[in-house]
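Dear colleague,

Please find below the sequence and structure for your review. A summary of the findings on core packing and helix contacts follows.

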Amino acid sequence: MGATPGRAVVIHDVARLAGVSHQTVSRVLNEHPHVRAETRERVLRAVEQLNYRPNPMARGLAGRRMRTLGVVSFDTLLYGPAATLLGIERAARAAGYGVNIVTLEKLDHTGVVAALDALAEQSVAGVVVIAPQVAAAAALHSLPRGIPAVAVESAVGPEIQAISVDQVAGARLAVRHLLDLGHETVWHVGGPGDWLEARDRADGWRSALEAAGRPVPPVIAGDWSARSGYRAGARLAAGTGATAVFCANDQTALGLLRGLHESGVRVPGDVSVVGFDDIPEAEYMFPPLTTVRQDFDEVGRRCLAALLDLIEAGPAAGPAAGSRVAPILVTRHSTAAPPAR
């Protein structure tokens, strides 16, 4: 089956004769590396048989698509994931790549797989998945074969390269800072249990206390929100004897500061507080918040470098080792020595 006599041959004619999709024909014509040799040969035979001549403008557009990366993210106002996405976009632009973003309401298995399939149909050169939740990390095992992919803020095993901030190290920085100031122990207001970052920060907090031989208080459950921090502040002020608190993120710390203030607890006079993220508002809280800074631009740069390495190496290359970006402790006025007993 070929073209209709009397009209110009188009890419769909080539696809029908070769028995492939028009997207596959486009990949062959634009020398995409991730096409099987037998498929490439079949398409080229169809091109020759039909005497197909690609439209120069269409080829130019296809070439630009090959300079496009796909990113799977999720609909959130949380600072960390949003800043991660921005860091990836900046790094891609600096390298001359465009970015197609698929935003999901929920990072579950079905949604992630559908997003990856959609990006594959757009002939993106590679894919970045921001997958900080347990369910999203599990979905990465269903990545379409042949598409270079890197995960961000995730833990998916050796099959997929992951780039992340060292959350455990960041939590240890916070705890050691408070212990060095003279506090006997440090309480923790955690994040949601299904978030990998929340688990890592809790692990870092716990391991730092255990390494110092200090008592480990029960974790106060939180959900990243200022509301959960506010409730934790009222609880901590009600006879726990806490003098130092490490919050899983800065929004939680913001609520905690208000909760302690309304309970008549001074920060840092009675209780020292450390957050995590270093959101732009952290230095303007009252008092200015001591926190752990994540370098999201560096995450973006490493993520892009890893993905471009995979694209260059081709489908035969296995994933490289993951990379962790070191966090930084930013000390301000929300921490001090404990009150005299």
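A crossing is called left-handed if the near helix is turned anticlockwise from the far one by less than a right angle, and right-handed if clockwise. The model is a predicted one, in which local features need pLDDT of at least 70 and side-chain atom pairs count only at pLDDT 80 or more, while totals for chains, interfaces and linings use all residues. Residues are numbered from 1 along each chain as its sequence is written, and side-chain values use heavy atoms, with hydrogens and water left out.

In that sense, H1 passes H3 in a right-handed crossing; helices (H or I, at least four residues) and strands (E, at least two) are DSSP runs numbered from the N terminus. Contact (heavy atoms within 4.5 Å) joins Asp13, Val14, Leu17 and Ala18 of H1 to Arg42, Val43, Ala46, Val47, Gln49 and Leu50 of H3.

Turning to the interior, the largest nonpolar core (buried Ala, Val, Leu, Ile, Met, Phe, Trp, Tyr and Cys residues joined through side-chain atoms within 4.5 Å; buried means under 20% relative accessible area with a 1.4 Å probe, protein chains only) has 22 residues. Leu69, Ile88, Val128, Val150, Val152 and Cys303 have the most contacts inside this core. At least two residues each come from strands E1, E3, E4 and E5 and from helices H5 and H12, and H12 gives the most, with seven. Cys303 touches Ile88, Val128, Val150, Val152 and Ile163, leaving aside residues up to four places away in sequence. A second, separate core has 20 residues, including Ile220, Leu236, Ala242 and Val271.

Yours sincerely

Conventions:
Buried < 20%, exposed > 50% of the residue type's maximum accessible area, 1.4 Å probe, protein only.
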